[in-house]
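User: Please take a close look at one part of this model and walk me through it slowly, since I am new to reading structures. I would like to follow the charged side chains and then see what lies around them.

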Amino acid sequence: MSRCPYLDYESNNYIFSSSDKYVCKLTGQEMYPDDSKVKYTCNSDSDCEYEKCPYYKDRQ
């Protein structure tokens with residue numbers, strides 16, 4: 001699994017809760033763990049989809 005190096009996970013509990021979220025350090029965008037963008041782009045099961053992200057490309 002490839003994961004964008006700029007993706008942070010913020011949790012307020014030890015157990016999964018509705019207040020947990022992923023935060024993109026490049027855009028500041030907050031996403032819920034079940035958001036499709038997290039699953040298919042930022043934290044992809046295959047390939048490095050995050051490399052296609054325009055914000056990521058601009059940082060290179």
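## Charged pairs and the sheet

Analyst: In this predicted model, Asp-8 is partly exposed, since its relative accessible area is 32%, a value that lies between the limits of 20% for buried and 50% for exposed. The side chain of Asp-8 meets that of Lys-25 in a salt bridge, with 4.0 Å from N to O. Because Asp-8 belongs to strand β1 while Lys-25 sits in the loop between β2 and β3, this pair ties together parts that are 17 residues apart in sequence. Lys-25 is partly exposed as well, with a relative accessible area of 47%. As a general point, side chains of opposite charge can pair when their charged atoms come close.

A further salt bridge is formed by Glu-10 and Lys-21, whose closest N and O atoms are 4.0 Å apart. This pair again links distant parts of the chain, for Glu-10 lies in strand β1 and Lys-21 in strand β2, eleven residues away. Glu-10 is partly exposed at 38% relative accessible area, and Lys-21 is partly exposed at 21%. These two residues do not stand alone, as Glu-10, Lys-21 and Glu-30 are linked in a network of salt bridges. Altogether the structure holds four salt bridges, and one of them joins the side chains of Lys-52 and Glu-49 at 3.2 Å, N to O; of this pair, Glu-49 is partly exposed with a relative accessible area of 24%.

To place the charged residues, it helps to turn to the strands. Three strands make up an open sheet in the order β1-β2-β3, with antiparallel pairing, and its edge strands are β1 (7–10) and β3 (30–31), each of which pairs on one side only. Strand β2, residues 21–24, runs antiparallel to β1 and is joined to it by four bridges. Within this pairing, Tyr-9 stands opposite Tyr-22 of β2.

Tyr-22 also leads to the nonpolar part of the model. The largest nonpolar core has nine residues, among them Tyr-22, Leu-7, Cys-24, Met-31 and Val-38, and both β2 and α1 (36–42) supply at least two residues of this core. If neighbours within four places in sequence are set aside, Val-38 is in contact with Tyr-22, Met-31, Tyr-32, Pro-33, Asn-43 and Ser-44.

Methods:
Residues numbered from 1 in each chain as written. Predicted model: local features only at pLDDT ≥ 70, side-chain atom pairs only at ≥ 80, totals over all residues. Heavy atoms only, no water. Pairing = 2+ DSSP bridges. Core = buried A, V, L, I, M, F, W, Y, C linked by side-chain atoms within 4.5 Å. Buried < 20%, exposed > 50% of the residue type's maximum accessible area, 1.4 Å probe, protein only. Contact = heavy atoms within 4.5 Å.
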